Amino acid sequence: MQIQVLRLALALLGWLSICGNALAQGSISGQVRDSLTHESLAYASVFLANTTRGASTDANGRFLLPDVPAGHYDFIISYLGYKLYQRPVVVTSSALVMDAFLTKASHQLGEVVVRPRPNRPGDYWQFVRMFLGSTSFSRQCRIRNPEAVLVDYDAATKVLTASGTTYVEVENQALGYRIRYYGLRFRLDHQYQIVSFYGHPVFEELATRSARRRKYWEANRRQAYLGSVTHFLRSVHDDRVTEEGYLVQKVRHVRNPKWPRADSLLRVYDAAMRQHSTTLPFSDDSLEHWRKVPPMFSLLYTRPVLTDSLRKVQPDSGRVWLRFHDLIQVTYQREQPDPAYLAIKAKSAQEASGASTARQLETSLVYLLQSRVEIQQNGQLVNPLAILNEGYWGFEKIGEMLPFDYSPPKPAP
């Protein structure tokens, strides 16, 4: 989602974290009822966020999610006219039985909700570009219910926000999924060039009778997975970073000693312009020079970071924690970036120096916002807000999004 490569805080609440024995499975069953009348709610949507696992309640409000791998999940229930129900659950080899009581929304079922004004086309399409992304796979995504998206732009703060009245339905013909994104909260801050969105997506495989189409989808899913954040974190968890094709290097940001002078001169220039002064502190050529002075330099250490410097393993339990100092640059060396990303990088390089970029790889910067964060066996973090990604991982959006329970098929022997 970006014209320039925007800094991304991709916050997906409704996360899933699998832990424990991957072979252990359990089930979740129960009944969905009205919180006041205790009347059973038939045909409510019940699902585990960020997975392909979901069901509908029967005529008596009962549901069953069988064969669920053991782990931590965000359990979600959606029913028209009621508030979205969310509850974290832990699945073990034992059956989990629970009743869920839903609270009615502020408006009653059947009421007509009048919007204050329709979405402005420019605001809506900016949301679409930033939400779906601009990759080759993103161009094969469509929002099937645009009327469910509420977009607002605050000119004073330069912030564009979007939410969904029920869910936002995205059809991804590149990966073969229909994504129903419940509880969407989207925010694009133009001033600080940060975009974030989160919610509770549930995945459903698109139907097809074509074996060729299924093969196409599986190939694209594998391509989306390889080099992804999930792939990298699974590699860290399993101590297979190098074997899976990653190069990890340490990065440090240091202040540019020329920046204070450049900043001071630019402030003097801006003040003179506001006062319509005929005496400016320097020429236009000098202005262009000082505007190009960066406040910080990034120092890249050429020596690869070993896996033991990225993680800590708890010996007694086998739990794995992501832990490193400063920043890391993660490069996936086994495939070329998306052509759209290469075009953006080439344009940025030409604007900066007049030269085109050399051979590019999928390179991302990773900031750890906590001292450490646990990595689950499926490559998801216990706290997904504990890291911030820039670069290639900040470029990829809904077009590359896979359910957390996806694993690429093993090659035939």
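Which side chain makes a polar contact with the side chain of Glu400? The side chain of Thr135 does, at 2.8 Å. A polar contact here is a pair of N or O atoms within 3.5 Å; within protein, one atom must be able to donate a hydrogen and the other to accept it, and residues adjacent in sequence count only if both atoms are side-chain atoms.

This is a predicted model: local features need pLDDT of at least 70, side-chain atom pairs count only at pLDDT 80 or more, and totals for chains, interfaces and linings use all residues. Residues are numbered from 1 along each chain as its sequence is written, and side-chain values use heavy atoms, with hydrogens and water left out.

## The chain overall

The protein chain has seven helices and 23 strands. Helices (H or I, at least four residues) and strands (E, at least two) are DSSP runs, numbered from the N terminus. Of the 413 residues, 46% count as buried. Buried means under 20% relative accessible area, exposed means over 50%, and partly exposed lies in between (1.4 Å probe, protein chains only).

Contact means heavy atoms within 4.5 Å. Among contacts with a separation of 6 or more, 68% come from residues 24 or more positions apart.

## Around Glu400

Glu400 sits in the segment after α7 (392–395). Glu400 is buried, yet has no salt bridge. A salt bridge needs a side-chain nitrogen of Lys or Arg within 4 Å of a carboxyl oxygen of Asp or Glu. The nearest side chain of opposite charge belongs to Lys397, 7.9 Å away. For charge, Lys and Arg count as positive and Asp and Glu as negative; His and the chain ends are not counted.

Neighbours within four places in sequence aside, Glu400 touches Thr135, Phe137, Ser138, Leu175 and Ala224. Thr135 is thus both a contact and the polar partner.

## Strands and their pairing

Strands of a sheet pair through backbone hydrogen bonds, either parallel or antiparallel. Two strands pair here if DSSP finds at least two bridges between them.

One open sheet has three strands, in the order β6-β3-β9, with mixed pairing. Its edge strands are β6 (62–69) and β9 (95–102), each pairing on one side only. Neighbouring strands of this sheet are turned by 20° against each other on average, direction ignored. Axes are lines fitted to C-alpha atoms, for helices over the stretch in contact, and angles run from 0 to 180 degrees between N-to-C directions.

Strand β3 (residues 25–34) pairs with β9 in the parallel sense, over eight bridges. In this region Arg33 stands opposite Phe101 in β9.

Strand β7 (residues 71–78) is mostly covered, with seven of its eight residues buried. β7 pairs with β4 (residues 45–48) in the antiparallel sense over four bridges. Ser78 in β7 is the bridge partner of Ser45. Seven bridges join β7 to β8 (residues 85–91), and these strands also run antiparallel. There, Ile77 stands opposite Tyr85 in β8. The β7 and β8 hairpin has six residues between the strands, and Gly81 takes a positive phi near 90°.

## Loop residues and a helix position

Three loop residues and one helix residue are set out below.

| Residue | Place | Relative accessibility | Class |
|---|---|---|---|
| Tyr43 | loop between β3 and β4 | 60% | exposed |
| Asn50 | loop between β4 and β5 (54–56) | 1% | buried |
| Asn60 | loop between β5 and β6 | 47% | partly exposed |
| Leu266 | helix α4 (residues 259–274) | 12% | buried |

Tyr43 has a phi near 65°, a positive value in a residue other than glycine. Asn50 likewise has a positive phi near 65°. Tyr43 counts as exposed because its relative accessibility is 60%. Asn50 is buried because its relative accessible area is 1%.

How far apart in space are Asn60 and Tyr43? They are 8.8 Å apart, C-alpha to C-alpha, and 17 residues apart in sequence. Leaving aside neighbours within four places in sequence, Asn60 is in contact with Gln31 and Ser40.

Leu266 and Leu287 are 21 residues apart in sequence and 7.6 Å apart in space, C-alpha to C-alpha. Beyond its neighbours within four places in sequence, Leu266 is in contact with Leu287, Trp290 and Arg291.
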